[in-house]
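Open the model in your viewer and keep the selection panel at hand. The stops below can be followed in order.

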Amino acid sequence: MKDKTSKTTDTVISGGNENSSNVNPADRASSCRKLCVCIADKDPDKCLQKLSKYAMAELRADLCNLSMPQLQKILSVKKDFIFTFRISDNNMSTALNQTLEAIGQGVAYVDVDIDSPAPFLRIIKEALGDAPAKTKLILSSHPESVPSLNTLQGIVRKCRLKGADIVKIVPFAKNLEEASRVLRLYHTMRMPDLKKNLIAFASGTAGFFTRISCLSLGAPFTYCHDSQPLAKGQPSYEELYESIYGKAGAEPYRIGDMKDSLLLSRFCQKLPDAKRNTKEKNVSVPCSKSVVLRALFVAALSNGQSVLRNFEFSNDIRKAVLFLRKCGCVVNVTRDGRSSRGEFMVIVRSAGISKWKVFKFADAGESGLLARILLPISAYASSIRRNYLVSSQTCVTGEGSLLKRDLSDAVEGLRAAGIKCKGQKVGKEVYLPVHITKASFKKSFTISGKQSSQLISGMLIILPLLPQRTQMVVEDAVSIPYINMTVKIMRTFGINIDVKQEGRTLIFETEGNQEYKPSDMYLESDWSGASNFMVAGAVASGISRKHEENEGLTIKRMSPDSEQADKAILNVLESCGVKIKYNMPENRDFAIISRYNLFNDEGNFLANLRNISLNANVLKAFSFDATDCPDLFPILAVLAVFCNGESRINGISRLTNKESNRTVSILQEMTRLGYDIFVEGNELVVKGRAGKAIDVALDEGSPEKLLCSSHNDHRIAMAVIICALLRGHGGNNPLDVYLDDIGCIDKSFPSFVRRLKMQKITSE
């Protein structure tokens with residue numbers, strides 16, 4: 001498998017073999033037949049020019065107001081397009097005459113609304129039967145809203161019974177639930193040869209992903225515009241082209257197959273015992289980004305030197321380190337002499353926040369967690385400066401996707417605590433940068449935790465430093481395990497805090513004038529990252545049974561007692577039928593265990609680490625509420641498609657304000673890969689068939705190729721890689737999958753691909 005720096009000249013396509021990702025869309029318009037461009041110019045010469053430019057186009061004659069001679073001129077030059085004339089009470093005669101003329105001249109397709117008057121349809125069908133050239137009939141339906149699945153199926157059957165060569169159904173979707181329902185037609189209709197002659201997607205903004213996914217599910221083409229949208233949410237040719245084929249000059253990443261991974265190859269082939277013992281059987285994952293960011297800041301608030309062990313950089317962590325260095329803290333990363341594995345540790349030296357250098361700006365990069373920690377810390381730093389200084393005002397900013405994330409909940413929480421701040425307001429939403437002008441913390445306040453737990457963690461970190469006893473009440477708290485993680489880290493650094501929980505209401509009582517004490521802390525491994533390997537191991541172990549083997553995968557040195565919410569992946573896997581074993585790590589892993597401070601209050605943290613082995617056969621469907629662990633959604637969707645039956649994952653309301661809109665990203669990429677996945681209410685529903693995707697006949701030529709998108713979201717990228725690696729062993733046709741970008745993975749897990757050991761096996 002190629003790494004992300006290697007060059008590739010492979011053609012990257014979705015359901016066809018016409019287009020290279022390295023070519024500008026405008027230069028390939030003449031050969032791309034998967035994108036149908038809707039043309040509605042009033043100037044007949046411009047219509048002809050555009051019809052000649054694009055390999056696939058629809059002439060909306062009802063919007064062009066063409067005269068018969070003008071239409072005849074166009075047809076004398078160009079016939080390979082779709083002729084469409086939407087009828088109304090005022091244009092019935094013109095519609096009929098021009099449609100008949102197009103058929104008589106041998107146009108490639110005519111598109112007629114299925115709800116047209118019966119006499120109109122009858123005359124068109126008779127003309128098609130008498131025409132010397134074979135013009136294909138597209139019968140289409142455009143409901144103003146998305147009806148039930150049964151109604152959609154009925155429309156398709158009606159079109160087929162009326163003689164449609166191609167059925168086109170494009171209802172308007174108000175939300176993702178309605179949009180995803182339309183794509184279910186490809187999975188639920190059982191008519192022979194229908195899938196490759198069915199064009200089903202949703203119009204409207206919510207339906208954008210369906211215009212992309214329908215191609216992978218079998219649609220012969222999808223629709224876009226050349227200059228002005230003809231329907232709400234209709235994308236331009238360039239926009240749709242880039243979404244399907246990639247940006248010009250981009251270097252896609254070829255994912256490969258299980259056999260290309262030294263970690264997973266042993267599961268997909270029968271090997272002799274001698275060879276089997278040489279194959280990889282385990283993997284470790286780096287420290288949790290969530291733990292590191294919290295630990296870095298409490299260490300920097302301490303007066304003295306702290307040591308954080310089992311450290312690995314990611315982009316988000318690097319941004320936090322840069323900020324602390326700007327504040328005057330000494331942050332050094334070096335090899336850990338106590339570790340027999342030669343791991344890194346980070347040493348933080350600080351004189352406490354009162355001695356930090358004055359800063360005017362705090363850059364969170366693309367990290368939502370870092371931004372929500374920096375906001376209250378910046379407010380506290382502002383409050384202890386001399387108020388007449390301009391420098392007492394601070395600004396928290398970011399970059400990339402973070403600038404597009406709504407932080408109105410965080411700003412409201414800061415104001416509830418007594419912090420005066422102002423962000424960039426757009427409608428009801430608030431975005432970075434956020435300016436903090438004054439901070440007078442209240443002794444008692446209530447904030448909402450409904451949208452995120454991250455600001456709660458940031459507020460908790462600074463409450464012990466205030467001059468007074470403080471009560472913070474959090475209503476409708478989500479991701480409570482991450483809040484508990486913050487409290488545990490604070491206690492590790494010597495802070496006393498009382499916590500009461502009543503349902504999803506949390507009450508924190510904190511004495512003021514406390515001091516953080518330096519600590520020597522082992523950073524536990526990341527359950528979010530580990531979840532990808534655990535799902536891969538569970539699915540792969542079932543695949544190994546097909547080769548009469550009984551293989552399992554081990555994830556090393558995990559903390560079963562962790563407060564990380566994503567530890568819940570173990571509960572999901574057990575409910576699927578995965579056998580999980582917990583084994584003590586090898587003695588050499590912990591040469592000097594007793595020297596570490598406690599992260600687990602009940603006993604030595606390292607002594608509680610376990611190697612976790614997973615083994616499975618047939619995976620059962622599951623139901624799970626991921627409200628408190630939304631980062632699991634992408635990899636849970638992958639797990640679900642490899643299960644048997646209907647799986648339901650609750651809590652998609654938590655996915656909108658992430659690095660991407662993860663509900664859209666999951667729907668788009670998993671449906672592109674051929675899986676039956678949709679939204680119902682607050683649930684993501686997956687109809688799993690043990691990894692079997694929709695069976696679409698391949699185009700002529702060798703294996704189909706597909707470009708997927710990471711959506712610049714690290715968790716989407718990792719989940720797509722795992723799914724693509726396993727997909728070929730679920731009884732599917734070959735599919736060579738590429739990913740537009742894997743650089744986003746560096747946000748949290750830079751060594752992810754390396755730990756999969758993605759390199760081509762040259763010998764057996």
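Which side chain meets that of Lys-319 in a salt bridge? Select Glu-399: the side chains of Lys-319 and Glu-399 form a salt bridge, 3.5 Å from N to O. The model is a predicted one. The two residues are 80 apart in the chain, with Lys-319 in helix α13 (residues 315–326) and Glu-399 in the loop between β15 (394–397) and α15 (408–416). Lys-319 is partly exposed, at a relative accessible area of 21%. Glu-399 is also partly exposed, at 35%.

Stay on α13 and select Phe-323, which lies in this helix. Is Phe-323 buried or exposed? Phe-323 is buried, its relative accessible area being 4%. Show what surrounds Phe-323: apart from neighbours within four places in sequence, its contacts are Phe-297, Trp-356, Phe-359, Phe-361, Ala-362 and Leu-374. For one of these, Phe-361, the C-alpha atom is 9.2 Å from that of Phe-323, at a separation of 38 residues in sequence.

Next, select helix α14 (residues 368–383) together with α16: they pack at an angle of about 35°, and their axes are 8 Å apart. The crossing of α14 past α16 is right-handed. To see the contact, show Gly-368, Leu-369, Arg-372, Ile-373, Pro-376, Ile-377 and Tyr-380 on the α14 side, and Gln-454, Leu-455, Gly-458, Met-459, Ile-461 and Ile-462 on the α16 side. Coloured by class, the residues of this contact divide into 9 nonpolar, 3 polar and 1 charged.

Move along the chain to Arg-469, in the loop between α16 (454–462) and β19 (470–475). Arg-469 forms a salt bridge with Glu-509, with 3.4 Å between the closest N and O atoms. Glu-509 is in strand β21 (residues 505–510), and the two partners are 40 residues apart. Arg-469 is partly exposed, with a relative accessible area of 37%.

Now select Arg-184 and Asp-676, whose side chains meet in a salt bridge of 2.9 Å, N to O. This pair links parts of the chain 492 residues apart: Arg-184 is in the loop between α7 (176–183) and α8 (185–188), and Asp-676 is in strand β28 (residues 676–680). Both ends count as buried because their relative accessible areas, 12% for Arg-184 and 10% for Asp-676, fall under 20%.

For a wider view of the charged side chains, select Lys-289, Asp-316, Arg-405, Asp-631, Lys-658, Glu-659, Arg-662, Asp-713, Arg-715 and Lys-747, which are linked in a network of salt bridges. The count of salt bridges comes to 39.

The last stop is a sheet. In what order do its 8 strands run? The order is β7-β6-β5-β4-β3-β2-β1-β8, in an open sheet with parallel pairing. At the edges are β7 (198–200) and β8 (222–225), each of which pairs on one side only. Looking across the sheet, neighbouring strands are turned by 25° against each other on average, direction ignored. Zoom in on strand β1 (residues 35–39) and strand β2 (residues 57–60), which pair in the parallel sense over 3 bridges. Here Ile-39 stands opposite Leu-59 in β2. Finally, add helix α9 (residues 208–217), which packs on the sheet and touches β1, β7 and β8. The direction of α9 makes about 145° with that of β8.

Notes. Residues are numbered from 1 along each chain as its sequence is written. This is a predicted model: local features need pLDDT of at least 70, side-chain atom pairs count only at pLDDT 80 or more; totals for chains, interfaces and linings use all residues. Side-chain values use heavy atoms; hydrogens and water are left out. A salt bridge is a side-chain nitrogen of Lys or Arg within 4 Å of a carboxyl oxygen of Asp or Glu. Helices (H or I, at least four residues) and strands (E, at least two) are DSSP runs, numbered from the N terminus. Buried means under 20% relative accessible area, exposed over 50%, partly exposed in between (1.4 Å probe, protein chains only). Contact means heavy atoms within 4.5 Å. Two strands pair if DSSP finds at least two bridges between them. Axes are lines fitted to C-alpha atoms, for helices over the stretch in contact, and angles run from 0 to 180 degrees between N-to-C directions. A crossing is left-handed if the near helix is turned anticlockwise from the far one by less than a right angle, and right-handed if clockwise. Ala, Val, Leu, Ile, Met, Phe, Trp, Tyr, Cys and Pro count as nonpolar, Asp, Glu, Lys and Arg as charged, and the others, Gly among them, as polar.
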